[in-house]
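Reader: I should like to request a close look at the salt bridges of this structure, in one connected account.

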Amino acid sequence: MLKKQKNSLTKFSVPGYVHVRTVHDISEYKLKSNGLSVLYKYIPDTGVITTNITYQVGAKDEIAGETGLAHMLEHMLFKPTKPDLIKKIDSSAMQFERETGCTLNANTWQDRTTYFFSYPKEHFARALTIEAERMVEVVLTDKEFLPERNNVLSEHDMYFGDPQFALNQAMMATAFHSHPYGHETIGFRHDIETYTPAKLERFYRNFYRPDNATIMVIGDIDKKTALTEIKRIFGHLENPTTSVPRITAVEPKQEGVRRVSIVRPSSINLLSFGIKHEGMPSKEWFLLSTLLAILTYGPESVLNRALVDTGLVTSVEGSLNPGADMNMATLTITLAPGTKHEVIENKVTTLIAGLTANVITPFLKKVIAHTLTDEYVNRTSSLYIAMELTEYTATGDWSVYFDTEKILQAITAKDLLALVKKNFDQSQLTIGYFIGTK
Amino acid sequence: MQFETSTLPHITVGTHTDEKTKLFTLTLSVDIHASYTIAGNAVEYVYSEALLAGTGSLNRSQFLDKLNKTGGSLTVSFNRSILTIDLRSQIEYLTTIHQLFKALMSEPTFLPTEIARIKKNVHNDLELQKEDARGWAQRALEQTLFGSTDRRQSASITELQKNVPTVTRQQLTALHERVLAQPWIVTQSGTKAMIESTNKLLASLKAKREPDTTISAHLPKTLERRIVLIKSIPSKHNVEFSIGAPLLPTLHHPDYLPFVFGLAVLGKWGGFAGRLMSTVREKEGLTYGIYARTESVYGSEAGYWRIMTFFAPEKAKTGLTSTLREITNISQKGVTDKEMARFKAILNTQQSLLNDSLLSSLSDLHSYLSEGFTLDQVAEYKARLLNVTKAEVNEALKKYLNPDKLIISAAGPVEKIKKELIQLAKTADPKS
């Protein structure tokens with residue numbers, strides 16, 4: 001096994017590629033013919049490969065009235081392509097799963113859209129062929145689109161029935177007046193109802209192209225075979241002559257707390273603080289991640305102690321999006337029956353303002369230790385490795401995948417107190433109430 | 001991925017050894033079921049948190065502090081009276097994690113102040129379940145199918161909330177004694193040295209007495225007609241459905257594996273391969289997800305089969321009609337040769353993919369060990385699933401899938417469609 005690994009990591013040049021860099025056991029290449037990026041990591045003896053293709057297109061590339069288009073398009077890539085129609089077969093992606101039992105799925109986020117397959121290694125070429133075909137030959141007609149739009153509406157309603165999702169959607173729209181992070185990736189319901197194949201086609205042609213994609217190959221396949229097959233299957237694909245269009249909106253300065261509420265016939269009551277922050281993988285992003293862990297992670301955390309243990313609230317939860325631009329994290333509190341939103345808002349504000357180095361310091365080592373354990377757990381599967389790498393790739397630097405311990409070790413209590421002062425300032429917050437009337 | 005099994009007194013152990021790993025994982029489960037009672041259910045809710053709320057030598061704060069310094073995790077949960085403890089640790093902290101695990105198993109304090117705190121938290125947690133439409137739909141199905149003392153039975157959330165305050169320290173201690181006395185199933189991964197030291201620890205913790213094997217199991221009730229159960233949860237946007245019926249064959253019954261195979265063809269759980277996903281979702285655009293599987297078949301305890309899906313209120317009638325049509329078709333016409341070949345490949349690949357995930361492999365092994373399988377028997381059982389014949393599958397589907405004798409359990413914004421749902425219950429032919 002060791003010998004195999006050694007062979008796989010040995011540097012060698014592959015015709016048709018530029019070797020961009022190798023960090024630890026992951027190598028990055030770029031296809032000379034069209035700029036497609038490739039990340040490769042070898043995991044021997046499993047007999048399994050995960051391929052993941054990530055396009056740099058997500059909700060932030062959508063304009064008003066077309067929210068959720070990136071996600072809708074993601075669904076359409078599981079419909080028949082032009083070659084499928086010629087061969088008179090069902091969608092080759094779906095057929096791949098239905099014939100072989102491979103794991104397949106996709107997801108769309110603020111900055112990216114990702115498609116992945118995990119499968120026994122003998123299907124490598126087939127998986128690549130599907131990705132290459134649907135990069136350029138998706139068919140967008142009413143026949144395929146209309147039933148799928150209903151499924152997306154069903155998905156929308158599934159999320160929107162969740163109080164936390166609904167509140168988060170309202171808060172993002174309140175927090176961002178100009179930047180397209182102001183809407184959820186699923187989009188607004190009315191926008192979904194008014195999509196057309198023409199809108200999808202325009203979006204598809206703008207963003208689905210080799211120079212806007214990274215393919216990851218993680219698993220039991222040697223590097224030479226992997227790169228050779230990728231070149232054979234993707235190498236001939238051409239980019240449009242136009243460049244990838246980008247929305248360059250910059251969010252105006254916030255000058256005061258922003259508030260939003262949702263009222264529903266529910267017995268659930270939520271309070272949520274929206275905290276603006278710099279994008280991933282900035283130092284500030286990791287600082288806020290650490291602070292949210294100190295406040296909310298596990299029964300020992302500051303807010304669990306103060307609010308859950310006293311029965312005032314049912315749960316506290318921190319959430320930080322892996323987006324590249326300035327973004328908004330949330331600190332969401334599920335109130336216990338009878339607890340008032342205003343009371344907990346005041347308590348949380350006071351608790352956070354009262355944080356000191358003495359409170360924070362004991363938590364720092366614990367956050368690092370937990371992060372490392374989580375990494376060890378999550379990195380025992382090629383699928384999970386690909387999922388984690390995806391976020392770093394989409395936000396600009398996949399090598400940060402290896403740096404979390406180093407970044408966290410450098411964080412001090414002083415850094416976190418400075419973050420509290422800057423990012424939790426009342427004038428920068430967005431505060432949401434989900435008010436259940438039952 | 002290679003596994004070994006071994007046996008300690010009243011402990012079955014499944015192991016994956018890796019001398020290069022930085023991680024140790026352990027899952028321990030104990031079936032403590034004897035007979036369902038609301039009071040007993042309330043004790044289980046409190047126990048899950050109380051076990052982590054302090055030991056003889058460490059109060060809760062000290063325990064959590066010590067645990068969190070390792071970055072490890074210890075979680076405790078109950079599901080249908082099966083306790084599961086999950087442990088994760090980096091190698092370098094395993095000694096500390098062992099000490100903590102030993103302390104919580106051998107000297108939990110169940111202090112009255114902690115119990116009072118936990119009762120309030122449990123009450124609050126239960127309050128949230130009142131709006132869990134998916135959970136309600138499945139619970140209502142189980143409440144209708146199973147007898148009052150069966151492990152699948154459950155009280156209403158409000159009844160449970162009423163019982164939580166009555167939980168006593170004595171009840172928690174008695175439950176803990178039962179946890180120590182009943183057989184343990186353990187799966188773990190780590191280096192050989194870690195496994196050996198953990199096995200010694202487990203053997204020292206296990207109560208040295210014969211387990212109590214009295215389990216109050218009931219055959220599920222038989223259904224003579226279609227039944228509709230409805231719960232209004234107006235804050236939701238979709239109506240959640242659990243559709244199902246009793247399943248009498250248990251794991252080793254000759255009909256069981258053919259039925260499992262056939263149900264996968266109908267609605268393989270996850271992915272897009274099942275007929276329900278192909279038709280109700282892909283072709284008709286009626287739902288985002290629709291899946292089928294057997295549920296809660298424990299050893300000799302019969303369970304049920306279930307379809308899980310959701311529809312927008314205005315599509316509920318059409319969606320249910322399509323679902324019932326698919327049940328009728330597969331029950332009456334069976335699966336095709338092509339589907340047999342396809343699903344053999346699919347189920348075979350699913351086994352291959354387990355090699356990619358340590359945690360999934362361990363979880364898979366744990367479920368088989370819980371049912372008393374040896375490693376050889378696991379391999380043989382999985383091979384049998386891949387060798388079922390079309391005739392066996394179709395016979396099983398005909399026997400156990402009857403669209404006229406099932407429960408349709410619905411929860412969500414149902415006010416405007418109640419009449420339609422009730423009407424559907426009376427309709428014998430879903431096409432009409």
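Author: The account below turns from the total to particular pairs. This is a predicted model, in which local features need pLDDT of at least 70 and side-chain atom pairs count only at pLDDT 80 or more, while totals for chains, interfaces and linings use all residues. Residues are numbered from 1 along each chain as its sequence is written, chains are lettered from A and ligands numbered from 1 in the order in which they are written, and side-chain values use heavy atoms, with hydrogens and water left out.

Over all chains, the search of the whole structure finds 55 salt bridges (a side-chain nitrogen of Lys or Arg within 4 Å of a carboxyl oxygen of Asp or Glu).

A:K366 takes part in a salt bridge with A:E300, at 2.9 Å from N to O. A:K366 lies in helix α14 (residues 357-378) of chain A and A:E300 in the loop between α11 (283-296) and α12 (302-308), so this pair ties together parts that are 66 residues apart in sequence. Helices here are DSSP runs of H or I with at least four residues, numbered from the N terminus. A:K366 is buried at 5% relative accessibility, and A:E300 is buried at 10% (buried is under 20% relative accessible area, exposed over 50%, partly exposed in between, with a 1.4 Å probe and protein chains only).

A:K366 also forms a salt bridge with B:D65, the closest N and O atoms being 2.6 Å apart. This pair crosses between chains, with B:D65 placed in helix α2 (residues 60-70) of chain B. B:D65 is partly exposed at 23% relative accessibility.

Finally, a network of salt bridges links A:R305, A:D309, B:E49, B:R60, B:E114 and B:R117.

Note on methods. Helices (H or I, at least four residues) and strands (E, at least two) are DSSP runs, numbered from the N terminus.
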